[in-house]
Amino acid sequence: MHEGHVRTSGEPAVAAPARPIALAPLKEGLSPEKRALAEDLRKVFLLLGVGVRRYAGRRFLDPGSVSRYLNGGRVPPWDFIAGVIADVRDLRVPLTPEAEAALRDLHRAALEGNRPSSEMEALQDQLAEADEETRRITTRQRALEEALLDREGRLAQVRSRCRKLESQLEARRGEVELWQGEYALLQEESGDLQEQVVFLQEALAVTRAELIAAEDRCHRLETRLETLQEVTGSGREDDEPPSIMVMLEEADRRSSVPELVRAVGDLELRTRKAMASELVRSASQSRAVEEVAGLLCALRQAGFDAHARTALPAMVMVRSVDDTSALARELFREGVEDYVVVLIQASVKFHQSEDLAGFASALHRTGLPAHAGSLLGAAAVVRPVPDLVSVALDLAGGELDDAVTAAMSAAAQRAVPDMVTLSLMLRDHGLLRQADALQRAAAALRSAADVAEFIRSLTDHGLGHDAEVVFAETQGRSVGHLILLVQALRDGRDWSVLSRAAQYRPVDDVAILISELHLAGRVQFAVDLLDLVVRTRTADQIAQLLHHLDGTALGAGPLLWSAARALAPAQAAALLAGLERHGLAEPAEIVFRCMLHGELVGQASLFLAALAEAGSQYADEHLLCRLANDMDPAPLASLLLALATAGLTGPLDAVIRTRYADCPILDVTLLAKQLPAGGSVRGEWVLGCVLAHVIHVRSLADQVALVSALQSSGLGAVAERLVTGALRTHGRRFRDELTRERTKHEQKVLSRTFWLPDRPRPHSHRRGKRE
């Protein structure tokens, strides 16, 4: 052991293993460099506390190779040593920088003493480092491209706002000073963004140059490595498994499709799935399209579908769009359409906007127009809005113009702010057809709350016409959508929805609307909608509406009752007149009776006055008399008071004459109890009319009986009023009749019965005889 080479920066954070880890002994006849490396590597490996097979399975390595690395039989690549050091660091027992540098020196010395294979492994290490640098530069290039795209999009938005402000300045000369400050700020922001764009473009150009240089270095290292392998052979022992680099090189150069499938199967048996996937990916990136399609289909048939799917996204990133579309065509012909879907998904995720448009065009040219449409539709849902507009600009007006329009319909699945931004950008770039498709799809597919938000946002951003189009389109959807839309809208648009429905919707839909609005607590909307239908629809349609309302949970009768209570008197009169005009007598009578039910005499009087002015038969004395005969005292009192308040004295007198000509005296008493006494001029006047009718029409006996009934009911003042009027009209005859009625049960002193002795009780007489 080389003391001092391997030192840790602290005590291990994990306990020692329960039993010692068994490692194969060092191989005999090792050179000093290989022995020193193997000893130090074994010491570092033992810090992990796991066996060779367990570690090999953890890192998808071959256990035999790991064992040979640790016993000195083979010089490991630096990637393996670096992986062991990283794993030790994860256990919180990291090596000191000096120890790690010593291991690297030992590894370099071992490679120097192991030529010519050491030269091959050194080249492999250099190639790995160059590839890592290439990936790092590629990542930086993508970040710069994304930043550049973002700044260009923001710059376009700022310039659009500048143009809008310029137009507003032209239109509003009087507000120049107010807008100049904001315009100056926008100009300053535009200049900053322009500088950022120039800087990012320069940085991107430098990065691309670095990437070209790195790719060239990788290519030169690959060429040197291939030349060295051809001179020295494979460089591995007969009993060792093939290395991943050798298999990948053979896959790129000579192996046939069946050989590749067998190699993948062999790697699967050795649980080296990552190596198998890398083998398939490498072969797919370098072979002809027909061979790649055959390889993928053969892997699918052999049960290695996962490796085939792993290789497809890598092809999208490295192959041209023509190659990718040709592969899609071959795969479609072979009946593996799900692989075509994987290609489309990868293109949506990884391609730039111009490549995305090129891939869609290539798919269309290769006879896969439906898949081109799927590609554009998926991109419309997930790609940034500027990318989507760029693709639309590249393809609009060409052979994929309809597909682009359909893709904009798919973009209606995006968030509402994205849809608004997309609408603005499409309008700004003259893509009017695509903007219309987006808005129609949003109106037809999104929820009522989203549509309402979309309409408000379009209006706020100056697209009022577009908002009206969306508003008109969305009203053709189901009744349930309209109900939710009414609750989500503002600014009077809710009633616009209902008025449109009243004119154009089938009556069964309108019935559902009315019922659901009433149940949801929007009673005023429900009754206003019913009133509008009665005013605008035909008699048959109104009858059908009432029939459908009877089938709802509410029912037509309660709804008409609510309408009469919620509408203003003039509106209620118009509703009744409309029902009456269409021959719907029963619903009209419901409205009439509801308006007379309760204590709102003023409302009822306005209602009757409006009916009289409209010439309704419900203000005619004959119909009023017929209805009054069936009324209870409370609504009858309301009718009489309303007629008196409305000045309809003719119908009032007719109702009194008809109702109280020969009715029981109790009915007059009940009416007197319903009419307000004292302080109510109309009530006193109506009561006077009723009492005058009784005095002039009814018999003296009925009048006397009414006096007794009024006194018994606690209406003494009304009784005295009746007595006064009757005496004035009938004089002594009424007084005598009233006296007889009051004294008919009193005993007279001069009568014979007064002086007769009391008769004995029958039972007392019988008891005396028995005694």
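This passage describes aromatic pairs, charged contacts and selected residues in a predicted model.

The search of the whole structure returned 6 aromatic pairs. One of them joins F45 and Y55. Its geometry is edge-to-face, with 5.4 Å from centre to centre and 85° between the planes. F45 belongs to helix α1 and Y55 to helix α2, so the contact ties together parts that are 10 residues apart in sequence. Both residues are buried. F45 and Y55 also belong to an aromatic cluster, together with Y69 and F80.

A further pair is formed by W495 and F525. The ring centres of W495 and F525 are 6.2 Å apart and the planes meet at 5°, so this pair is stacked. It links distant parts of the chain, 30 residues apart. W495 is in helix α24 (residues 493-504), whereas F525 is in helix α26 (residues 523-536). Burial of the two partners was also computed. W495 is partly exposed, at 28% relative accessible area. F525 is buried, at 16%.

The loop between α1 (32-46) and α2 (52-58) contains L47. L47 has a relative accessibility of 29% and therefore counts as partly exposed, since the buried class ends under 20% and the exposed class begins over 50%. I21 is 26 residues from L47 along the chain. The C-alpha atoms of L47 and I21 are separated by 10.0 Å.

Charges also sit over aromatic rings. R493 lies over the face of F471, at 5.1 Å from the ring centre. R659 takes up such a position over Y660, where the distance to the ring centre is 5.7 Å. R659 has a second charged role: it forms a salt bridge with D667. The closest N and O atoms of that bridge are 3.5 Å apart. R659 is buried, with a relative accessible area of 13%. Its partner D667 is partly exposed, at 21%.

In total, the structure holds 21 salt bridges. R505 and D509 form one of these, with 3.4 Å between the closest N and O atoms. Both ends of this bridge fall in the buried class: R505 has 13% relative accessibility, and D509 has 17%. The bridge between D736 and R732 spans 3.8 Å from N to O. These two residues are 4 residues apart in helix α39 (residues 732-743), so about one helical turn separates them. D736 is partly exposed, at 30% relative accessible area. R732 is exposed, at 62%. Elsewhere, R329, E330 and R333 are joined into one network by salt bridges that share partners.

A nonpolar patch lies on the surface. M317, V318 and F350 make up this patch, and together they have about 250 Å² of accessible area. V318 is located in helix α12 (residues 305-318). With a relative accessible area of 48%, V318 is partly exposed.

H481 provides a buried site. Its relative accessible area is 6%. The residue is found in helix α23 (residues 479-488). Leaving aside neighbours within four places in sequence, H481 is in contact with R446, S447, A448, V451 and T474.

Note on methods
Residues numbered from 1 in each chain as written. Predicted model: local features only at pLDDT ≥ 70, side-chain atom pairs only at ≥ 80, totals over all residues. Heavy atoms only, no water. Buried < 20%, exposed > 50% of the residue type's maximum accessible area, 1.4 Å probe, protein only. Contact = heavy atoms within 4.5 Å. Phe/Tyr/Trp six-rings, centres within 6.5 Å; stacked < 30°, edge-to-face > 60°. Lys NZ or Arg CZ within 6 Å of the ring centre and 35° of its normal. Patch = residues over 30% accessible without salt bridge, like charges linked within 9 Å, V, L, I, M, F, W, Y side chains within 5 Å. Areas by Shrake-Rupley, 256 points an atom, 1.4 Å probe, with all protein chains shown as cover. Salt bridge = Lys/Arg side-chain N within 4 Å of Asp/Glu carboxyl O.
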